[in-house]
Amino acid sequence: MKDLCGIIGIYSKEKRDVPKIIYYGLYALQHRGQVSAGMAVNNNGYIDYHKGLGLAYEVLDKDVLNRLRGDIGIGHVRTGSSVKTTTANAEPLVVGYKQGALALAYDGSLVNYRELREKMEDDGIIFQSSIDTEVIANLIARYHKEDIEQAIIKAVKDIKGSYALVLMTNDRLIGVRDPYGLKPLCIGKLGKDYILSSETCALDTIGAQFVRDVNPGEMVVIIDRDIKSIKTKEADNKNICLFEIIYLARPDSKLDGKSIYRLRREAGRNLAREHPVEGDIVISAPDSGTVAAIGYAEESKIPYDEGLIKNRYVGRTFIQPTQELREIGVRIKLNVLKENVEGKRIILVDDSIVRGTTMKRIVRMLKDAGAREVHVRIASPPVKHPCLLGMHTPNKENLIAAQKSIEEIRDKIGADSLSFLSLEGLLEAVGGENSYCTGCFSGQYPVDGDLI
C-alpha cells in the first residue's frame with residue numbers, strides 16, 4: 001500500500017517567515033495526510049528540519065517554528081500506508097552527498113521501487129527508511145556531479161510511476177511532475193516569492209496567487225527571482241488520477257484549470273440522470289460526498305438536507321492505517337440528525353465505495369434513527385482494481401466491488417437500493433476520457449509495471 005501526501009515549497013527573497021507560511025500551507029493540505037508531518041528550511045546553505053508523527057499542528061509546534069529559519073523551505077504531510085509508521089519514514093527527507101545537502105518531499109508511488117532499491121542495496125547502499133523518496137534521493141546523488149538539474153532529469157528517467165516532487169538545495173527550489181500528470185502540482189506567487197503546492201487551496205490559505213499548474217513531465221527551477229521550465233519526460237496523454245477528482249482533492253481546489261467543486265457537482269447530476277429513485281430528501285456522506293449530493297438534488301428536484309453531522313475534529317476514516325482504527329473512526333466521526341431522517345425515504349450520496357465497511361455502518365445508523373428507506377447512490381463506478389499510482393488500495397481482496405456484484409454489495413451494506421455512476425457518466429462530468437487514469441475502475445493503467 002503506497003502513500004497519499006501533500007507537499008509545499010517556497011522560495012522567498014522578501015524576508016518572509018518561511019516556516020510559518022509552510023505551516024499554514026500544510027494545514028490547508030492536511031486532508032492529504034494525517035499520519036506524519038514535517039518541514040525543512042535552508043538557512044544560508046545549511047538545511048535544518050523537523051518531522052514527526054501526527055498532524056501538522058502537533059508536529060510543528062510553536063517552539064519548532066521559532067527555531068527554524070531560512071529563505072527556502074519545503075513541507076510534507078503523509079497518510080497511513082504499508083510502510084512502518086515511524087519518524088524515519090516521515091518527510092521531508094534530508095540527505096547529504098558529495099555536493100552538499102538536499103531535501104525532498106514527495107507525493108506518489110513508484111512501481112519499480114523494489115527493483116531499484118534491490119539493485120542499490122546490491123551495490124552496497126544502506127537505506128535508513130522504507131519510502132520511495134530515498135530511492136529518488138540516491139538516484140540524484142548518483143548522477144550529480146556539477147549540475148543538480150541534469151541529475152534530477154536523469155533520475156526521473158529511471159523511475160516509473162506517479163510523482164509530484166519538491167526539492168530544495170542550498171540555493172534553489174525545484175518542482176517535478178510525472179509525465180502523465182497523475183499527481184497534482186501547481187505554482188503560485190506571494191508578492192515576488194514563488195510557491196509550489198499539491199493543491200491551489202494551500203495558495204488561497206497563505207494569500208498567494210495561482211500562476212499555473214506544473215505541466216506533466218515538467219521540471220520548474222526557482223532561483224533568485226527567476227523561474228525556468230525544463231522538460232524531463234514525454235507522455236502520449238495526460239492521465240490525471242480520477243480519484244484526485246472524486247475524493248482526494250479539496251472541493252475548493254482547482255486541478256489543471258478545472259474546479260473540483262464543479263466537476264463533483266456535475267458527477268452528481270449525471271448520477272441522478274442515470275439512476276433516479278423516489279425519495280424525500282437527498283443527504284450526503286460528509287464531506288467528500290457533499291458536492292455530488294448537491295448536484296444529485298439539483299437534477300432530481302428532490303430537496304437536499306443534512307442527515308449526518310460530522311465531528312470536525314476527526315480525520316478521514318478511509319485513510320486510517322488499520323481496519324480497527326477505521327471502524328472506530330466511523331463510530332465517532334458521524335452522528336445522525338434524527339429529526340431530518342426519521343420516517344423518510346433517504347437518498348444517500350457518496351463519492352465511492354472501496355471496502356464497504358463505512359457505508360454499512362452509515363446505512364445501519366440511518367435505519368436505527370428511523371429512516372424508512374435508504375437508497376445509496378455513488379458518484380463513481382465500482383472500484384474493482386487495485387492501484388498503486390494514486391489511490392490508496394493494495395489488492396483485490398480489500399475491494400468489495402472486486403469480490404461481489406452490485407446486488408451483493410447492496411445486501412452487504414443493508415441498503416434498499418444501490419447504484420453507481422457509469423464510467424462514461426463520470427468521464428463526461430469531468431471533461432474527457434483521454435485526460436484521466438481510470439485504472440481503479442477499468443483496470444487500464446498508463447504505467448506498465450507491478451501494480452498489484
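These are my notebook entries on a predicted model, written up as I looked things up in it.

**Entry 1: helix α15**

I started with α15, which runs over residues 406–413. Which of its residues are buried? I found I409, R410 and I413 on that list. I then looked at where they point, and they cover an arc of only 105° around the axis, so they sit on the same side of α15.

What do these buried residues pack against? My list has two helices, α13 (357–368) and α14 (400–403), along with two strands, β21 (373–378) and β22 (417–420). Just after the helix I came to G414, and its phi is positive, near 80°.

**Entry 2: two helices that pack together**

Next I turned to α9 (residues 260–274) and α16 (residues 423–430). A reminder to myself: a packed pair of helices is described by the angle between the axes and the distance between them. Here I noted an angle of about 145° and axes 8 Å apart. I also noted the hand of the crossing of α9 and α16, which is right-handed.

Which residues make the contact? From α9 I wrote down L263, E266, A267, N270 and E274. From α16 I wrote down G425, L426, E428, A429 and V430. Sorted by kind, the residues of this contact come to five nonpolar, two polar and three charged.

**Entry 3: looking for disulfides**

How many disulfides does the model have? The count comes to zero. I wanted to know why, so I checked two cysteines one at a time.

For C241, the closest cysteine sulfur belongs to C440 and lies 6.3 Å away, too far for a bond when the sulfurs must be within 2.5 Å. C241 is buried, with a relative accessible area of 7%.

For C437, the closest cysteine sulfur is in C387, at 5.4 Å, and that is again too far for a bond. C437 also counts as buried, at 5% relative accessibility.

**Entry 4: cis peptide bonds**

I went on to the backbone and noted a cis peptide bond between E91 and P92, with omega about 10°. Where is P92? I found it in the loop between β4 (72–78) and β5 (93–97).

I noted another cis peptide bond between P286 and D287, with omega about 0°. D287 has its place in the loop that leads from β17 (281–284) to α10 (290–300).

**Entry 5: positive phi outside glycine**

N44 caught my eye here: it is not a glycine, yet its phi is positive, at about 55°. It lies in the loop between β2 (36–43) and β3 (46–53). Is N44 buried or exposed? At 76% relative accessibility, N44 counts as exposed.

D224 is another residue other than glycine with a positive phi, near 55°. I placed D224 in the loop between β12 (218–223) and β13 (226–231). Its relative accessibility is 46%, so I put D224 down as partly exposed.

**Entry 6: residues far apart in the sequence**

I picked Y436, in strand β23 (residues 436–437). Y436 counts as buried, at 4% relative accessibility. I compared it with K238: the two are 198 residues apart along the chain, while their C-alpha atoms are separated by 6.6 Å. What does Y436 contact, leaving aside neighbours within four places in sequence? I listed K238, N239, I240, L242, I245, K258, L263, L427 and V430.

Then came G439, which is in helix α17 (residues 439–442). At 0% relative accessibility, G439 counts as buried. From G439 to V383 I noted 9.1 Å between C-alpha atoms, with their places 56 residues apart in sequence. Leaving aside neighbours within four places, G439 is in contact with H385, Q444 and Y445.

Last I looked at L337, in the loop between β19 (334–336) and α12 (338–341). How far is L337 from F441? Their C-alpha atoms are separated by 33 Å, and they are 104 residues apart along the chain. With neighbours within four places left out, the contacts of L337 are E306, G307 and I309.

Key
Residues are numbered from 1 along each chain as its sequence is written. This is a predicted model: local features need pLDDT of at least 70, side-chain atom pairs count only at pLDDT 80 or more; totals for chains, interfaces and linings use all residues. Side-chain values use heavy atoms; hydrogens and water are left out. Buried means under 20% relative accessible area, exposed over 50%, partly exposed in between (1.4 Å probe, protein chains only). Helices (H or I, at least four residues) and strands (E, at least two) are DSSP runs, numbered from the N terminus. The arc is that of the directions from the helix axis to the C-beta atoms. Contact means heavy atoms within 4.5 Å. Axes are lines fitted to C-alpha atoms, for helices over the stretch in contact, and angles run from 0 to 180 degrees between N-to-C directions. A crossing is left-handed if the near helix is turned anticlockwise from the far one by less than a right angle, and right-handed if clockwise. Ala, Val, Leu, Ile, Met, Phe, Trp, Tyr, Cys and Pro count as nonpolar, Asp, Glu, Lys and Arg as charged, and the others, Gly among them, as polar.
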